[in-house]
Amino acid sequence: MLAGLDKIFLTLSTAEFIIGMSGNVFVGLVNCSEWIKNQKISFVDFILTCLALSRITQLLVSLWQSFVMTLSPPFYSTWKSAKLITLLWRITNHWTTWFTTCLSIFYLLKIAHFSHSFFLWLKWRTNRVVLAILVLSLPFLLFDFLVLESLNDFFLNVYVMDESNLTLHINDSKSLYIKTLILLSFSYTIPIVLSLISLVLLFLSLVRHIRNLQLNFMGSRDPSTQAHKGAIKMVMSFLLLFTVHFFSIQLTNWMLFIFWNNKFTKFIMLAIYVFPSGHSLILILGNSKLRQTALKVLRHLKSTLKREKTILILYRCYAAIYNGIL
């Protein structure tokens, strides 16, 4: 039988999983259906599809991790499973982060306007620049594997010890663990810096564009202005949610290391679901095609529910009349 806290934890994990899967599966299905229908796909839709697929995998791994932590035997007996979960989660988190970063860079190169020759050179080669960034992210993934392998061996040495010696071993190994976490966090630095640069340049481009419109006595609600504002909202939402995601990961790693047998520690992991679940909904609202398709689906569901409700009312009326006649 599960304890009360375990039931609450699994219920909340499942609820966040369902919300995240709904948004990401929707994005993937819409773009894949358009791809099959038109026999081609735009580059931004390709990035969104890859991002949705990586987040679907990340959510599956996170839910698996939640159930393993709650339902499995002691940690040592599931060490191979835990090690596999950690590896899969790191891979999916890597691609989720870098695909989102590439989306920010794509918005910058497609929407921003600067006369600098280097920026124009990048702008004319937007697709190749984004693909090159994805390829250049592979060494960071390899670096994570190497650091993660040493961290896994470290955890194995900790958890196979007696509980009486565990506190002493943790106190002696805190500095090593902190250094390992810093190394694992290093791979997040480049995506955050690139996204921040994209946000700042988009904002500067918007300010410059509005100033030119004012000099020419034109309104500030032209398509280019709206595109700038939409892209800035997308990049800002990514940075905000990713900040929550990053600090929740660091706090979870630290709390699980110090209070690994505390039932309340697992609830910190719920914040990890916010990034893959919440950002997909923001992308749907910010993309006109996805937003219009979502509205059509909601209208269809609403009409279906009304029709089923009407049929149910008619059925009850006929049943009442039939019973009255009898």
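A residue counts as buried here when its relative accessible area is under 20%. By that cut-off, Arg90 is buried, since its relative accessibility is just 8%. The structure it sits in is a predicted model, and buried residues like this one make up 42% of the 326 residues in the chain.

As for the overall fold, the chain has 10 helices and 0 strands, so the pattern along the sequence is simply α-α-α-α-α-α-α-α-α-α. Long-range contacts are well represented: of those between residues at least 6 apart in sequence, 80% join residues at least 24 apart. The accessible surface adds up to about 18600 Å², and 71% of that belongs to carbon and sulfur atoms.

How far the model can be trusted varies along the chain. Mean pLDDT is 78, and 75% of the residues score at least 70. Among the elements, helix 5 (residues 126–136) has the highest mean pLDDT, at 91, while helix 10 has the lowest, at 71. Residues 160–166 are another matter: pLDDT stays under 50 there, and the model has 5 contacts beyond four places in sequence for this piece. Where pLDDT is low, the predicted coordinates should not be read in detail.

The UniProt record, an unreviewed entry, lists residues 12–31, 43–67, 87–109, 129–148, 181–207, 238–261 and 267–286 under "transmembrane region". Two of these spans can be set against the model. Residues 129–148 are 95% helix and 0% strand, with the end C-alpha atoms 29 Å apart. Residues 267–286 come out at 65% helix and 0% strand, and here the end C-alpha atoms lie 30 Å apart.

Next come the charged pairs. Side chains of opposite charge can pair when their charged atoms come close. The count of salt bridges in the model is 2. One of them joins the side chains of Asp45 and Lys289, with an N to O distance of 2.8 Å. Asp45 belongs to helix 2 (residues 43–71) and Lys289 to helix 10 (residues 288–325), so this pair ties together parts that are 244 residues apart in sequence. The two partners differ in their cover: Asp45 is buried, with a relative accessible area of 12%, whereas Lys289 is partly exposed at 24%. Note that Lys289 sits in helix 10, the element with the lowest mean pLDDT.

Arg90 takes part in a salt bridge too, with Asp144, at 3.3 Å from N to O. This pair also links distant parts of the chain, with Asp144 in helix 6 (residues 138–159) and Arg90 in helix 3, 54 residues apart. Asp144 is buried as well, because its relative accessibility is 2%; Arg90, at 8%, is its buried partner.

Helix 3 (residues 79–111) has more to show, starting with Thr96. Thr96 is buried, with a relative accessible area of 0%. Leaving aside neighbours within four places in sequence, Thr96 is in contact with Leu51, Ser54, Arg55, Gln58 and Phe275. Trp98 is in helix 3 too, and at 3% relative accessibility it is likewise buried. What does Trp98 touch, not counting residues up to four places away in sequence? Its contacts are Ile133, Leu134, Ser137, Phe140, Ser187, Ile190, Pro191 and Leu194. Leu51, a contact of Thr96, has its C-alpha atom 8.8 Å from that of Trp98, although the two residues are 47 apart along the chain.

On the outside of the model, Val200, Phe203, Leu204 and Val207 form a nonpolar surface patch, with about 340 Å² of accessible area together. Phe203 lies in helix 7 (residues 163–215) and is partly exposed, with a relative accessible area of 48%.

One backbone detail rounds things off. Gln39 has a positive phi of about 60° although it is not a glycine. Gln39 is found in the loop between helix 1 (4–38) and helix 2. Is Gln39 buried or exposed? With a relative accessibility of 66%, Gln39 counts as exposed.

Terms used: Residues numbered from 1 in each chain as written. Heavy atoms only, no water. Helix = DSSP H or I, 4+ residues; strand = E, 2+ residues; numbered from the N terminus. Buried < 20%, exposed > 50% of the residue type's maximum accessible area, 1.4 Å probe, protein only. Contact = heavy atoms within 4.5 Å. UniProt positions renumbered as here; feature names shortened; annotations may be inferred. Salt bridge = Lys/Arg side-chain N within 4 Å of Asp/Glu carboxyl O. Areas by Shrake-Rupley, 256 points an atom, 1.4 Å probe, with all protein chains shown as cover. pLDDT = per-residue confidence, 0-100. Patch = residues over 30% accessible without salt bridge, like charges linked within 9 Å, V, L, I, M, F, W, Y side chains within 5 Å.
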